[in-house]
Amino acid sequence: MEDLPEALVTEILKRITSTSDLNSLSLVSKQLYKIEGNQRGAIRVGSGLCTATEALTSLCARFTNLQKLEIDYSGWIPEHGNQLDNKGLSVFSSHCSSLTDLTLSFCSHIEDSGLGCLAHCKKLVSLRLNSTPKITSIGLFLVAVGCTSLSALHLIDCEKIDSVEWLEYLGRDGSLQDLVVKNCKGLNHHDFLKFGSGWMKLQKFEFERKRGMDDRLLGDMVYDSSYDAHNTDIYDFCCESLKDLRLAHIKTWPEVGLRVVLGKCKALEKLCLEYVHALNDNDMIALSRSCSNLKSILLWLNLQRYSSDVSYCETRTSFTDNSLYAIALNCPMLQTVDLRFTRCSHDWPSEIGFT
């Protein structure tokens with residue numbers, strides 16, 4: 001191997017996909033160690049990561065062309081040693097100039113100041129934060145301002161994010177195409193209307209509300225089955241690039257909120273509505289008229305109380321045959337329909353709005 005040209009050795013290593021095999025090969029010789037480190041584009045580290053500055057600097061020096069980095073401390077206990085902190089993240093961001101994709105999971109020692117160091121990563125395209133309890137809206141704003149190439153942002157179980165200046169900035173000056181927000185209790189679906197012109201660039205959007213104990217109960221709220229959320233022009237924005245939309249566990253009545261998005265997605269191909277409260281046939285009809293490219297629709301429905309007449313109230317799922325008829329009539333590209341019903345009694349088939 002020592003006599004082979006470096007270009008040939010590099011080409012051979014590119015064909016090896018197993019991380020364990022690459023790690024083993026790098027121990028064979030100094031040449032393989034150097035070449036393998038230079039061509040490795042992605043690494044994943046966890047609770048065994050040594051957080052001494054010298055060790056982190058050495059790690060960055062070995063993987064000089066690192067593009068994708070995942071740091072995952074799931075299952076971490078104090079006996080494993082120190083977690084990566086602000087200083088450590090600063091080392092990564094200042095030494096990994098080619099970094100485009102970063103995932104931080106269960107990193108409980110990283111704060112806003114550490115996240116702000118990502119401004120050095122001018123090529124950063126994708127950032128995923130999963131259970132990072134100390135990150136607030138301030139840190140996200142620093143990322144929004146500093147990482148001008150950011151096109152994908154995922155926020156999962158980030159408890160302290162409770163304001164939307166970062167969202168307004170990304171909507172105005174950013175280039176987000178992929179936005180996922182799940183179980184962040186400080187954010188509600190009305191906040192995302194402040195994304196403004198950013199909706200025009202977005203291709204994937206997912207929002208799942210943080211659930212509480214009251215979500216298990218049917219509740220006393222009575223929704224208007226004739227209410228038309230789209231008879232308003234106060235939400236004047238376009239989302240004509242959106243292809244993938246998922247809304248889960250949101251409560252949209254009497255305020256419109258993200259309900260209005262359903263009638264604006266002309267390019268939509270995949271729709272998931274999971275236990276969204278207060279939608280009705282009018283929402284689905286408006287969606288069907290706009291989304292002729294729809295290929296997949298998932299509707300998970302539970303019991304809600306509807307009334308279009310003060311003298312009568314019925315308990316049923318959100319949609320009726322009118323919704324299915326509109327989808328069948330207006331969505332010729334449809335390939336998959338997934339219907340799921342929760343808490344509906346076998347003795348009361350009328351609780352399911354479809355016949």
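**View 1. The outside of the whole chain.** About 17,200 Å² of this chain is exposed, and carbon and sulfur atoms supply 51% of that surface. Keep in mind that what you're looking at is a predicted model. The chain has 355 residues, and 48% of them are buried. Its secondary structure adds up to ten helices and 14 strands. Take the contacts with a separation of 6 or more: 78% of them join residues 24 or more positions apart.

**View 2. Inside the largest nonpolar core.** This core has 82 residues, and the two that touch the most other members are Trp199 and Phe205. Which helix gives the most to this core? That's helix H8 (residues 165-173), with four residues. Now zoom in on Phe205: leaving aside residues up to four places away in sequence, its contacts include Leu179, Phe192, Leu242, Leu245, Leu247 and Leu258. Phe205 touches Trp199 too, along with Asp244 and Arg246.

**View 3. His277 in its loop.** Look for His277 in the loop that runs between strand E10 (270-274) and helix H9 (281-290). Is His277 buried or exposed? It counts as buried, because its relative accessibility is 9% and the cut-off for buried is under 20%. Not counting residues up to four places away in sequence, His277 touches Tyr223, Ile250, Lys251, Thr252, Asn302 and Gln304.

**View 4. Helix H9 and what covers it.** H9 is mostly covered, with eight of its ten residues buried. Among the buried ones are Met284, Ile285, Ala286 and Leu287, and you'll also find Asp281, Asp283, Ser288 and Ser290 on that list. What covers the buried residues of H9? The cover includes E10, strand E11 (296-302) and helix H10 (321-330). Check out the start of H9 as well: there, a side-chain oxygen of Asn280 comes within 2.9 Å of the backbone nitrogen of Asn282.

**View 5. The cavity.** Rolling a probe the size of a water molecule over the atoms shows where empty space is left. How many cavities of 30 Å³ or more are there? The count comes to one. The largest cavity has a volume of about 40 Å³. Its lining includes Leu273, Tyr275, Val276 and Leu279, and also Trp300, Leu301 and Asn302. Gln304, Ser318 and Phe319 line this cavity too. E11 supplies the largest share of the lining, three residues. Two names here may ring a bell from the His277 view: Asn302 and Gln304 line the cavity, and His277 touches both of them.

Methods: Residues numbered from 1 in each chain as written. Predicted model: local features only at pLDDT ≥ 70, side-chain atom pairs only at ≥ 80, totals over all residues. Heavy atoms only, no water. Core = buried A, V, L, I, M, F, W, Y, C linked by side-chain atoms within 4.5 Å. Buried < 20%, exposed > 50% of the residue type's maximum accessible area, 1.4 Å probe, protein only. Helix = DSSP H or I, 4+ residues; strand = E, 2+ residues; numbered from the N terminus. Contact = heavy atoms within 4.5 Å. Polar contact = N/O pair within 3.5 Å; in protein donor to acceptor, adjacent residues only side chain to side chain. Areas by Shrake-Rupley, 256 points an atom, 1.4 Å probe, with all protein chains shown as cover. 1 Å grid on protein atoms, 1.4 Å probe; cavity = no way out; pocket = protein on both sides within 12 Å on 5 of 7 lines; lining within 4 Å. Points joined across faces, edges and corners; volume = space filled by probe spheres on them.
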